[in-house]
Amino acid sequence: MKEYSGYYLMLLPIILWYIIFRYGPMYGIVIAFQDFYPLKGISGSEWVGFKHFKTMFTGLYFLPVLRNTILISFYKLIFGFPAPIILALIFNEIRHKHFKKISQTISYLPHFLSWVIVSGLVIEMLSPSRGLVNYFIQLLGFDPIFFVADPKYFRSVLVGSGIWQGIGWGSIIYLAAISNIDPQLYEAAAIDGATRIQRIRFITLPSLAPVVTIMLIFACGKLIDDNFSQVYNLLNLKVMSVGDVISTYTYEQGLVQMQYSYSTAVGLFKNIVSFSMVFGANAIAKRVSEYGIW
Amino acid sequence: MKVKKTIDDYIVDIFCYTFLIILCITIIIPFLQIITISLSPIKYVNSFGLKLFPKEIVFDGYINIFKNNQLWIGYKNTIFVTVVGTFFNVLITCIGAYALSKKDLPGRNYLTAFIVFTMYFGGGTIPTYLMMRQLHLVDNMAVYILPGIISSYNMIITRNFFMSLPNSLEESARVDGAGLLRIFFVIILPLSKPIIATISLWYGVAHWNEWRASLIYVPDSEKHLLQYVLRQILFEGTLKEESLVEDVREVIVNTETMKNAALLIATIPILCVYPFVQKYFVKGVMVGSLKG
């Protein structure tokens, strides 16, 4: 045991940090079952059981917010998940080295900008009076569209800007997987007369299956996890009905309206759903394809 | 292996090149446009048409924004938090990862599970806020550094990197009488430059882009971070402007050149270092993904 004491000593502050900053807030979850008053603290506040969860499901606002969250995440999964895979396949087909390098470098860039900046760019580009997109729409003879403030388009703006920001960075992991494919497979296929599309279809894609499965599990786990930074920076009063999601709602209810207990209940609900989804998706993936995270 | 191009080849090539060129254009154009707007006189900003390059250069937007004290306070705070925060992030992450990389450490699997669990489950916004208040971190600069000192994900990939180092190096050092700290600082860390570069950059960018902590924990504007200040400059009145009548517009559009100048000033540091550090980021994703 003595030979390990040094390592435990190194870990001690780290374990303490986890207990205080990661597990400490988990203890605070109990206020979801209380009528919490800050002055009385957790020990002095009254227990009310599932009252806040009942309010949540019978109230006017939570269900639309849940619906927005699920719809936006679902669209992001359908359109956003395949996008980096397609981009990686495209990069892999480019033979011109410099072009490949430059376009890769450019495509990763948006990932390094904060959502404050990205939202600023999105609003500027889509602006009805100055934006480039509306300039082209008007050239084609249509009326300008105020995308960011129109409930019809707001979700598309979220999905589109999400793809724009993440597509390049997301492709790296698939490119890494592609680079591990044995080049002899391609040569043999080419000799047998396989066309390029056939080689992509029968060699590259099947080789990507394990990575795709794992990334899909992560993506499923995040289905209810909206991106606060993105939504909060693009959200405005005109699109609340379609754009208010769980994280922006808990922020508003909890820290602006000071409904501590109610907001914690909403957060707990979200956390449990996403936690079970990661595990559920992992179990299904293991059964179906023998690939899983753990 | 030189094979004659078939129609199939041409279709794939045309599709791929077109796709990439369009993607790159959508990324470059927004920057060209904000540069142009930030440098243009009001009349040009307000006119209808394609504005990729400035016709006439004026610095009004920049002069106005340089007078904005809050922006410089944000800059100063962000630089401080990025430098100090990243240093402690990397140090503590490496210490933890090193201890966890010892395969025969009793209880190692439980410890790893204890850490990984927090990647999938947490307290949520309000309990975390209450915790920070209890620790007197609300309205305190330390809230930008302390609660985020470890990213579990970064610690796990660093641990995996340490596990891939040859064990014999450490053993021979131990035989020579080196203690644990000496082994860690003199042998392990110098060998770990790739992973240290990677996580430094990840932590650094996270600090640079942070704004939510200012929104939630810090009412005092003297302690706000750059991105949060930028948010306030950008989004106050974004919507009102579009519905305003023409004569009020002049004033508003003038703030528009200011907004774009602010947007650029906050982005320029990232644009400057980005080409140099980009390859480390990419390497890091590979390290994390292939061994994770």
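Student: Which residues make the nonpolar surface patch of about 380 Å²?

Tutor: In this predicted model, the patch is formed by A:Phe74, A:Tyr75, A:Ile78 and A:Phe79. Here is the general idea for reading such a set. An α-helix has 3.6 residues a turn, so residues three or four places apart point the same way. As for the case here, A:Phe74 sits in helix α4 of chain A, which covers residues 62-80.

Student: Is A:Phe74 buried, exposed or partly exposed?

Tutor: Partly exposed, because its relative accessibility is 40%, and that class lies between under 20% for buried and over 50% for exposed.

Student: Let's turn to helix α1 of chain A. Where does α1 bend?

Tutor: Helix α1, residues 5-27, bends by about 35° at A:Leu11. Look along the chain from there, and you meet a proline, A:Pro13, within four residues. A:Leu11 is also one of the buried residues of α1(A); others among them are A:Met10, A:Ile14, A:Trp17, A:Tyr18 and A:Phe21.

Student: What covers the buried residues of α1(A)?

Tutor: Here you need to look across to the other chain. The cover includes several helices of chain B: α4 (69-100), α5 (108-120), α6 (125-134), α7 (152-163), α8 (167-175) and α9 (180-191).

Student: How many helices and strands are there in chain B?

Tutor: Chain B has 14 helices and zero strands. Of its 292 residues, 50% count as buried.

Student: And how much accessible surface does chain B have?

Tutor: About 14300 Å², with 67% of that belonging to carbon and sulfur atoms. For the contacts inside chain B, take those with a separation of 6 or more: 73% of them join residues 24 or more positions apart.

Methods. Residues are numbered from 1 along each chain as its sequence is written. Chains are lettered from A and ligands numbered from 1 in the order in which they are written. This is a predicted model: local features need pLDDT of at least 70, side-chain atom pairs count only at pLDDT 80 or more; totals for chains, interfaces and linings use all residues. Side-chain values use heavy atoms; hydrogens and water are left out. Patches are made of residues with over 30% relative accessible area and no salt bridge: like charges are joined within 9 Å, nonpolar side chains (Val, Leu, Ile, Met, Phe, Trp, Tyr) within 5 Å. Accessible areas come from the Shrake-Rupley method with a 1.4 Å probe; for residues, only the protein chains shown count as cover. A salt bridge is a side-chain nitrogen of Lys or Arg within 4 Å of a carboxyl oxygen of Asp or Glu. Helices (H or I, at least four residues) and strands (E, at least two) are DSSP runs, numbered from the N terminus. Buried means under 20% relative accessible area, exposed over 50%, partly exposed in between (1.4 Å probe, protein chains only). The bend at a residue is the angle between axes fitted to the seven residues ending there and the seven starting there. Contact means heavy atoms within 4.5 Å.
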